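This report walks through the fold, the ligand site and a few individual residues. Keep the structure open while reading.

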Amino acid sequence: MTAAPIRALVAGNWKMNGTTAALREPRLLAAMLKGVKLKCDVLVCPPATILRRAKAVMKGSKIRVGGQDCHAAASGAHTGDISADMLKDAGASMVIVGHSERRTNHKETDAEVLAKAKAVHRAGLTAIICIGETLEERKAGKTLEVLTAQIKGSVPAESNAGNTVVAYEPVWAIGTGLTPTTAEVAEAHTHIRAELEKAMGAEGSQTRILYGGSVKPSNAAELMSAANVNGALVGGASLKAADFIGIIKTYM
Ligand code: PEP
């Protein structure tokens, strides 16, 4: 039996950008996509402070909202942190964990990312688990080794294709305008697919693997055409509806 094709996901990570005024962008996005038959799912991850309102302005559209990170615990004495249950309560259906900015700026380890991904699963949400090599690691020829270690260390054993998405984000491509070649993307994604199949069996063949790192309307089609790429995780170009839709168009 042939496996069903994987439905792509285009996810926008707003990072620490956007107050109430920025809500016009998801409103515009929902209006632009009205009546359009999409061949992908679309997710917007705004700051938690406007998550609920972002969902409200896109009401009636199929665009989902997600969180950008969460604590590994469901509740407790963790001043300033936010739990997966809280994000769910605000309307999130997915949560990004293990983003390289968290791994670098907050020194998050694979074990911490794993605990966060498990917390996302416990809340009944989908974890978007980010992995990717630094420039030094790529130059040293260690890319695939790094990806294997991050998958082993941060993807929960009980993951399935419904509750888990893996985002390959080369650290050196994030926010820099630099991108790997299509062949390099294909090599990394094909390796990730094989590792997910080893870890998750048949579920690993159906799990979405997103590419992230300087995706923009002008390069999206080429990057998305690489083998085993099932969508994109987009930072800067997701902030403006006009740019984000240029990427989503790859799947129209
Ligand atoms: C990201 O932050 O996940 C990202 C891919 O950023 P950018 O698209 O701006 O490189």
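## A buried serine at a helix end

This is a predicted model. Start with a short-range link: the side chain of serine 154 comes to 2.5 Å from the backbone oxygen of glutamine 150. Serine 154 belongs to helix H7, which spans residues 143-154. A second link goes from side chain to side chain. Serine 154 makes a polar contact with arginine 103 at 3.3 Å.

Is serine 154 buried or exposed? Its relative accessibility is 0%, so serine 154 counts as buried. The cut-off for buried is under 20% relative accessible area. Beyond its neighbours within four places in sequence, serine 154 is in contact with Arg103, Asp110, Val113, Leu114, Ala117, Ile129 and Ile131. Arginine 103 thus appears both in that contact list and as the polar partner.

## The barrel

Eight strands close into a barrel. Their order is E1-E2-E3-E4-E5-E6-E7-E8, and the pairing is parallel. On average, neighbouring strands of this sheet are turned by 30° against each other, direction ignored. In general, strands of a sheet pair through backbone hydrogen bonds, in a parallel or an antiparallel way.

Two pairs show the detail. Strand E1 (residues 8-13) is joined to E2 by six bridges, and the two run parallel. In that pair, alanine 11 stands opposite leucine 43 of E2. Strand E3 (residues 64-67) is joined to strand E4 (residues 94-97) by two bridges, again in parallel. There, glycine 67 stands opposite valine 95 of E4.

## Strand E2

How many of the residues of strand E2 are buried? Six of the six, so E2 (residues 40-45) is largely enclosed by the rest of the structure. Its side chains split into two sets. Cys40, Val42 and Val44 point one way. Asp41, Leu43 and Cys45 point the other way. Both sets are buried.

## Helices against the strands

Helix H8 covers residues 182-200. H8 lies across strand E5 (126-131), strand E6 (164-168) and strand E7 (208-212). Its angle to E7 is about 150°.

Helix H11 (residues 241-248) is mostly covered, with six of its eight residues buried. These are Ala241, Phe244, Ile245, Gly246, Ile247 and Ile248. They pack against strands E1, E2 and E8, and against H10 and helix H1 (24-33).

## The ligand site

Which residues come nearest to the ligand? Of the 14 around it, they are Lys15, Glu169, Gly175, Ser214 and Gly235. Three polar distances to ligand oxygen atoms stand out here. A side-chain N or O atom of glutamate 169 is 2.7 Å from a ligand oxygen. For glycine 175, a backbone N or O atom lies 2.6 Å from a ligand oxygen. For serine 214, a backbone N or O atom lies 2.8 Å from a ligand oxygen. On its own, the ligand has 290 Å² of accessible area, and the protein covers 95% of it.

## Two positive phi values

Most residues other than glycine have a negative phi. Serine 214 has a positive one, near 55°. This ligand neighbour sits in the loop between E7 and helix H10 (217-224). Its relative accessible area is 15%, so serine 214 is buried.

Asparagine 228 also has a positive phi, near 65°. Its loop lies between H10 and strand E8 (231-234). What is the relative accessible area of asparagine 228? The value is 24%, so asparagine 228 is partly exposed.

## Methionine 58

Methionine 58 lies in the loop between helix H2 (51-57) and E3. Its relative accessibility is 1%, so methionine 58 counts as buried.

Leaving aside neighbours within four places in sequence, methionine 58 is in contact with Pro26, Ala30, Val44, Ile63, Arg64 and Val65. Among these, Val44 is one of the buried residues of E2. Glutamine 206 is 148 residues away from methionine 58 along the chain. The C-alpha atoms of methionine 58 and glutamine 206 are separated by 28 Å.

Terms used. Residues are numbered from 1 along each chain as its sequence is written. This is a predicted model: local features need pLDDT of at least 70, side-chain atom pairs count only at pLDDT 80 or more; totals for chains, interfaces and linings use all residues. Side-chain values use heavy atoms; hydrogens and water are left out. Helices (H or I, at least four residues) and strands (E, at least two) are DSSP runs, numbered from the N terminus. Buried means under 20% relative accessible area, exposed over 50%, partly exposed in between (1.4 Å probe, protein chains only). A polar contact is a pair of N or O atoms within 3.5 Å; within protein, one must be able to donate a hydrogen and the other to accept it, and residues adjacent in sequence count only if both atoms are side-chain atoms. Contact means heavy atoms within 4.5 Å. Two strands pair if DSSP finds at least two bridges between them. Axes are lines fitted to C-alpha atoms, for helices over the stretch in contact, and angles run from 0 to 180 degrees between N-to-C directions. A residue is near a molecule or strand if one of its heavy atoms lies within 4 Å of it. Accessible areas come from the Shrake-Rupley method with a 1.4 Å probe; for residues, only the protein chains shown count as cover.
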